[in-house]
Amino acid sequence: FYIIIAYFNDIVVGGVCCRIDLTENRRRLYIMTLGCLGPYRRQGIGSELLNHVLSYCEKDGNFDSVYLYLFYF
């Protein structure tokens, strides 16, 4: 698993959790959760979390793709 927690003034305000998916003869990174607390949204926290995930994939260099399932609440 690859997990990143976002803090603001020692308060956990968001996070992302991913795992490597090795199905269909492909190596993909599956974003299981990506979220940010309501009062901290629209401040770039989610974008920064996603940038960390993409940077991890780029440094690794062996991923075919990154994917997630989108849910609205």
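**Group meeting: a helix and a pocket**

Okay, let's start with the helix, α1. It has 16 residues, and at 1.5 Å a residue they should span 22 Å; the C-alpha atoms at its two ends sit 23 Å apart, so that agrees. One thing to keep in mind as we go: this is a predicted model.

So which residues of α1 are buried? Those are Ile45, Leu49, Val53 and Cys57. They cover an arc of only 130 degrees around the axis, so they end up on the same side of α1. Swing round to the other side of α1 and you'll find Glu58 and Lys59, which are exposed.

And what covers those buried residues of α1? The cover includes four strands: β1, residues 2–8; β2, 11–21; β3; and β4, 65–68. Then, after α1, comes Gly61, and its phi is positive, near 75 degrees.

Now for the pocket. The largest pocket holds about 690 Å³ of space. Its lining is made up of 21 residues, and the ones nearest the centre are Leu34, Gly35, Cys36, Arg41 and Leu70.

Which elements build that lining? Here we meet our helix again: α1, running 45–60, and β3, running 28–36, each supply at least two residues. β3 gives the largest share, with six residues.

As for the chemistry, the lining of the largest pocket has 13 nonpolar residues, six polar ones and two charged ones.

To pull that together, β3 turns up twice: it helps cover the buried residues of α1, and it supplies residues to the lining of the largest pocket. That's my tour, thanks!

Notes. Residues numbered from 1 in each chain as written. Predicted model: local features only at pLDDT ≥ 70, side-chain atom pairs only at ≥ 80, totals over all residues. Heavy atoms only, no water. 1 Å grid on protein atoms, 1.4 Å probe; cavity = no way out; pocket = protein on both sides within 12 Å on 5 of 7 lines; lining within 4 Å. Points joined across faces, edges and corners; volume = space filled by probe spheres on them. Nonpolar A, V, L, I, M, F, W, Y, C, P; charged D, E, K, R; others polar. Expected span 1.5 Å × (residues − 1). Buried < 20%, exposed > 50% of the residue type's maximum accessible area, 1.4 Å probe, protein only. Arc of directions from axis to C-beta. Contact = heavy atoms within 4.5 Å.
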